[in-house]
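Work through the exercises below with the coordinates open. Try each task before reading its solution.

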Amino acid sequence: PPVALLRVSWVAEATRVQIAHEAPVVGGWSDWQQGYGFQFWMSRHGYRGDGAYGQFCVVLPEQDAVLAITSETVDMQKVLDLAWEHLLPAFGAGPLPGGEAADAALADRLTRLAAPPAEGKPAPADRAQDWNTVFTPHGGTCVDQPTLTAIEVDPGGRVTLVDDGDRLELAPAAAQSGWTVVDEPVPVAVSGGWTDAETLVVDVAFLETPHHLLVTCSLGERTFTARWRTQPLHAGPLRRMRAPVQSEGT
């Protein structure tokens with residue numbers, strides 16, 4: 001048979017129920033109880049591919065639409081609930097009339113969207129030299145990220161994470177722009193500052209993942225704590241917190 005027909009047949013098989021769910025959850029059937037095909041979940045509307053923490057590719061054949069969603073959430077059902085509540089009713093056979101003002105307002109809002117930077121001020125001028133030091137994990141080990149063994153801070157506020165022998169040099173914690181992007185060895189955005197003369201707080205967003213590492217350095221004890229806002233699925237050094245590298249032809 002022609003290749004096109006084989007592709008249509010494969011999609012039809014992949015996107016119909018191959019494994020059924022027998023019992024509903026409390027409150028009714030969720031999107032995870034519509035059945036599973038070949039690498040695709042069936043949904044209450046259409047079908048979808050899922051990724052951890054709310055990464056979705058939702059295909060809606062009846063609406064001739066695809067939703068691509070990136071998130072940082074452990075409540076993935078809530079994301080789909082919002083899509084069915086707000087997006088699905090808006091699909092129609094043609095453009096909605098009289099929406100020019102709403103479209104302009106949405107476009108304006110999108111141009112101004114930004115992640116809020118971490119709270120904090122520049123290093124206290126009379127204590128800047130005190131912060132030229134190395135911080136070790138509070139309690140001896142960083143529980144959330146055991147490979148993170150030290151954090152170095154220089155007088156200018158530049159922060160370096162020492163993780164599994166790697167040195168991840170970040171921009172000054174209290175950058176005036178709010179967020180500063182560092183591309184290597186791992187793509188991150190950094191924001192932070194001093195919440196008081198004894199405490200430095202840094203938010204490290206790993207740009208190719210859903211994850212933020214929140215770091216707090218305490219001058220009095222020369223120790224730090226670090227916790228994930230959403231715990232990664234797999235433990236390992238920070239250099240792995242990036243998108244997989246694909247070879248040519250993949």
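A definition comes before the exercises: strands are DSSP runs of E, at least two residues long, numbered from the N terminus. The model is predicted.

**Exercise 1. Take stock of the fold.**
Task: State how many helices and strands there are in the protein, and what share of its residues count as buried.

Solution.
Step 1. Count the elements. The protein has three helices and 13 strands.
Step 2. Apply the burial cut-off, under 20% relative accessible area. Of the 250 residues, 35% count as buried.
Step 3. Turn to contacts with a separation of 6 or more. Residues 24 or more positions apart account for 39% of them.

**Exercise 2. Lay out the four-stranded sheet.**
Task: Give the strand order of the open sheet of four strands, and say which strands are at its edges.

Solution.
Step 1. Write down the order. The open sheet runs β1-β2-β3-β4, and its pairing is antiparallel.
Step 2. Find the edges. β1 (41–42) and β4 (65–69) each pair on one side only, which makes them the edge strands.
Step 3. Look at one pair inside the order. β2 (residues 47–51) and β3 (residues 55–60) are antiparallel, with five bridges between them.
Step 4. Fix the register. G49 faces C57 in β3.
Step 5. Add the helix. α2 (residues 76–87) lies across β2, β3 and β4. Its angle to β3 is about 35°.

**Exercise 3. Place Y47.**
Task: Decide whether Y47 is buried or exposed, and list what it is in contact with beyond its neighbours within four places in sequence.

Solution.
Step 1. Locate the residue. Y47 lies in strand β2.
Step 2. Compare with the cut-off. Y47 counts as buried because its relative accessibility is 14%, and the limit is under 20%.
Step 3. List the contacts, leaving out neighbours within four places in sequence. They are V11, T15, F40, W41, M42, C57, V58, V59 and P61.
Step 4. Check one sequence-distant residue. R16 is 31 residues from Y47 in sequence, yet their C-alpha atoms are 8.6 Å apart.

**Exercise 4. Trace the partners of β10 and β5.**
Task: Which strands pair with β10, and in what sense does β5 pair with β6 and with β13?

Solution.
Step 1. Start with β9 (residues 180–182). It pairs with β10 in the antiparallel sense over three bridges. T180 is opposite V190 in β10. A hairpin of five residues joins the two strands.
Step 2. Go on to β11 (residues 199–206). Eight bridges link it to β10, again antiparallel. S191 is opposite D203 in β11. Two residues lie between β10 and β11 in their hairpin.
Step 3. Check how covered β10 (residues 188–196) is. Seven of its nine residues are buried.
Step 4. Move to β5 (residues 133–137). It pairs with β6 (residues 148–153) in the antiparallel sense, over three bridges. F135 has I151 as its bridge partner in β6.
Step 5. Take the other pairing. β5 and β13 (residues 223–228) run parallel, joined by two bridges. P137 has F224 as its bridge partner in β13.

**Exercise 5. Survey the empty space.**
Task: Give the volumes of the largest pocket, the second largest pocket and the largest cavity, and describe their linings.

Solution.
Step 1. Take the largest pocket. Its volume is about 380 Å³. The lining has 18 residues, and T209, H211, H234, R240 and M241 lie nearest the centre. Ten are nonpolar, five polar and three charged.
Step 2. Take the second largest pocket, with about 200 Å³ of space. Its lining includes Q55, E72, F206, T209 and H211. By class there are four nonpolar, six polar and two charged residues.
Step 3. Count cavities of 30 Å³ or more. There is one.
Step 4. Size the largest cavity. It holds about 60 Å³ of space.
Step 5. Name the lining of the largest cavity: L161, D163, D166, L168, P185, V186, L238 and R239. Five are nonpolar, none polar and three charged.
Step 6. Assign strands. β7 (158–163) and β8 (166–172) each give at least two residues to the lining of this cavity.

How values were computed
Residues numbered from 1 in each chain as written. Predicted model: local features only at pLDDT ≥ 70, side-chain atom pairs only at ≥ 80, totals over all residues. Heavy atoms only, no water. 1 Å grid on protein atoms, 1.4 Å probe; cavity = no way out; pocket = protein on both sides within 12 Å on 5 of 7 lines; lining within 4 Å. Points joined across faces, edges and corners; volume = space filled by probe spheres on them. Nonpolar A, V, L, I, M, F, W, Y, C, P; charged D, E, K, R; others polar. Pairing = 2+ DSSP bridges. Contact = heavy atoms within 4.5 Å. Axes fitted to C-alpha atoms, helices over the stretch in contact; angles between N-to-C directions. Buried < 20%, exposed > 50% of the residue type's maximum accessible area, 1.4 Å probe, protein only.
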